[in-house]
Amino acid sequence: MHQVRVNWQIKAILPVVFVLLAGLLLFTIATVSLGGPERHAVIMVAGAGAVIICGVSIGVLAYLIQRPMLELQEKMALISGGNLDVAVSFSRRNDEIGDLGRNFNYMMLQLRESRKEIETMHRTQMSRAEHLATLGELATGLAHEIRNPLAGIAGVIEIIGRDLPASSPARAMVKDVRLEINQINRILTDLLETARPHPPQMMRSNLNTTVEHAVMLARQQVLSHPIKIELEQAPDLHEVEHDSDQIHQVVLNLLLNAVQAIDGPGTVTVKIGERDDCAIVTVTDTGRGMTDQQMSQIFRPFYTTRNNGTGLGLSLVRRIVEEHHGHVGVTSTLGQGSTFEVEIPFVAASVPAEVA
Ligand SMILES: Nc1ncnc2c1ncn2[C@@H]1O[C@H](COP(=O)(O)OP(=O)(O)OP(=O)(O)O)[C@@H](O)[C@H]1O
Ligand SMILES: [Mg+2]
C-alpha cells in the first residue's frame with residue numbers, strides 16, 4: 001500500500017500552526033463581538049488552551065523522536081555485543097525517521113548475509129587447511145620412507161660403479177643413475193623442508209665456500225648439456241652469518257632453475273659481491289626468461305611450468321632467505337634470460353625481523 005510521506009518538520013509545525021490559528025480566530029471573534037469582562041475571559045481561555053496544546057504537541061513530538069533514538073541506541077548496544085539479529089520497529093513510519101529505520105534494517109540484513117558468507121568461507125578454508133595438513137603429513141612420511149632405501153640404492157650404485165672396468169659403457173649409465181638419485185634426494189629435501197621447516201643454524205663462515213659447493217654440484221648435473229656455469233667469487237668478502245646447508249640449498253635451487261630455463265647452449269653466471277651491510281649472490285642465466293605475470297607467481301608454493309617440477313624450489317628459497325633476514329629479488333626479460341639476486345646481511349641480528 002502506498003503511504004503518504006509527511007516530513008517530520010511538518011508533523012512538528014502543523015499542530016503548532018493549528019493552535020496559533022485557532023487562538024488567533026478566537027481572539028479576533030472576541031475582540032470584534034464581545035466586550036468587557038467576557039472578552040477578557042475568552043482571551044484568557046484561548047491563551048491557556050494554546051499554551052496547553054503547544055506543550056502537549058511538543059511533548060508528543062519529543063516522544064516520537066526520542067523513542068526511535070532510544071531504540072536505536074539499544075539495538076546498537078546489542079550489535080556491539082555481537083548480535084546481528086536485530087531490527088528496529090520504527091521502520092514503518094512514513095517520514096525520515098522511518099527512512100532511517102528502513103536503511104538500518106537493510107544494513108543489518110546485508111551484515112547478516114556477509115557474516116554468513118564469511119562463515120561459509122572460513123569453514124571451507126579450515127577444511128582445506130586440514131586437508132593440506134594431512135597431505136603434508138602423508139608426504140613427509142612418504143619422503144622419509146623413500147629416503148632410506150634410496151640411500152641404500154646410492155651405496156650399491158657407488159660400489160657397482162667402482163668395480164666396473166674403466167672401458168665399460170655401463171659407467172655412463174651408473175653416472176646417470178647417480179644424478180637421478182641426487183635429483184630425487186633434492187626433491188625429497190625440499191618437500192621435508194617445506195612441510196617441517198627448521199630454523200637456520202647460524203654460523204659465521206665463508207659464503208664463497210657455500211656457493212662454490214652448490215656450483216660444483218650443479219656442474220655435475222649439466223655435464224651432458226652444452227651449458228657453462230661460471231663462478232665469480234669475492235675473495236675479500238667478510239664472513240657471513242648463515243646456515244651453510246640452507247644457503248647451499250638456496251643457490252642450488254636457483255642454479256637448477258637457471259639450467260632448466262636454457263634450451264640448447266647457454267651460460268649461467270654466479271657472482272658473489274657485497275652492498276651496504278649485505279653479501280649479495282646473483283644467479284644470471286641466458287635462458288627463456290619470464291613474463292611479468294609469471295614473475296608475480298613464481299614464489300608461490302606449487303607454482304610450476306615444468307612437467308616434472310614440484311614448484312617448491314623458489315618458495316623454499318624465499319623462506320630460507322627471509323629467515324636469514326635477507327631478501328630475494330628477480331628481474332627477467334622474455335627470450336633473453338633472468339637474474340635472481342639474494343641479499344644476506346653479514347650479521348643477521350643487526351637487521352630487525354620484518355613485521356608480518
Ligand atoms: N631462471 C628462470 N628462468 C625462467 N623461469 C624460471 C626461472 N626460475 C624459475 N622459473 C619459473 O618459476 C617456476 C617455479 O620455480 P620453482 O623452482 O619454484 O619450481 P620448479 O623449478 O618448477 O620445480 P622444483 O620444485 O623442482 O624446483 C618454474 O616452473 C619456472 O616456470
Ligand atoms: Mg626449481
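Modeller: A residue counts as near a molecule if one of its heavy atoms lies within 4 Å of it. This is a predicted model, where local features need pLDDT of at least 70, side-chain atom pairs count only at pLDDT 80 or more, and totals for chains, interfaces and linings use all residues. Residues are numbered from 1 along each chain as its sequence is written, chains are lettered from A and ligands numbered from 1 in the order in which they are written, and side-chain values use heavy atoms, with hydrogens and water left out.

Colleague: OK, so how many residues surround ligand 1, and which are the closest?

Modeller: There are 21 around ligand 1, with Asn257, Thr304, Thr305, Thr310 and Leu314 the closest.

Colleague: What classes of residue make up that shell?

Modeller: Ala, Val, Leu, Ile, Met, Phe, Trp, Tyr, Cys and Pro count as nonpolar, Asp, Glu, Lys and Arg as charged, and the others, Gly among them, as polar. Here the shell has eight nonpolar, ten polar and three charged residues.

Colleague: Which N or O atoms of the protein lie by an oxygen atom of ligand 1?

Modeller: Take a polar contact with the ligand as a pair of N or O atoms within 3.5 Å. A side-chain N or O atom of Arg306 is 2.9 Å from a ligand 1 oxygen, and a backbone N or O atom of Gly311 is 3.0 Å from an oxygen of ligand 1. Ser338 puts a polar side-chain atom 3.5 Å from a ligand 1 nitrogen.

Colleague: And which elements give two or more residues to the shell?

Modeller: Helices (H or I, at least four residues) and strands (E, at least two) are DSSP runs, numbered from the N terminus. For ligand 1, the elements are helix H6 (244-260), helix H8 (313-323) and strand S7 (337-345).

Colleague: Where does UniProt place "domain: Histidine kinase"?

Modeller: UniProt positions use the numbering here, feature names are shortened, and annotations may be inferred rather than shown by experiment. The unreviewed UniProt entry puts that domain at residues 141-348; over that stretch the chain is 46% helix and 22% strand. The entry's "domain: HAMP" covers 63-116, where the chain is 72% helix and 0% strand.

Technical notes:
A polar contact is a pair of N or O atoms within 3.5 Å; within protein, one must be able to donate a hydrogen and the other to accept it, and residues adjacent in sequence count only if both atoms are side-chain atoms.
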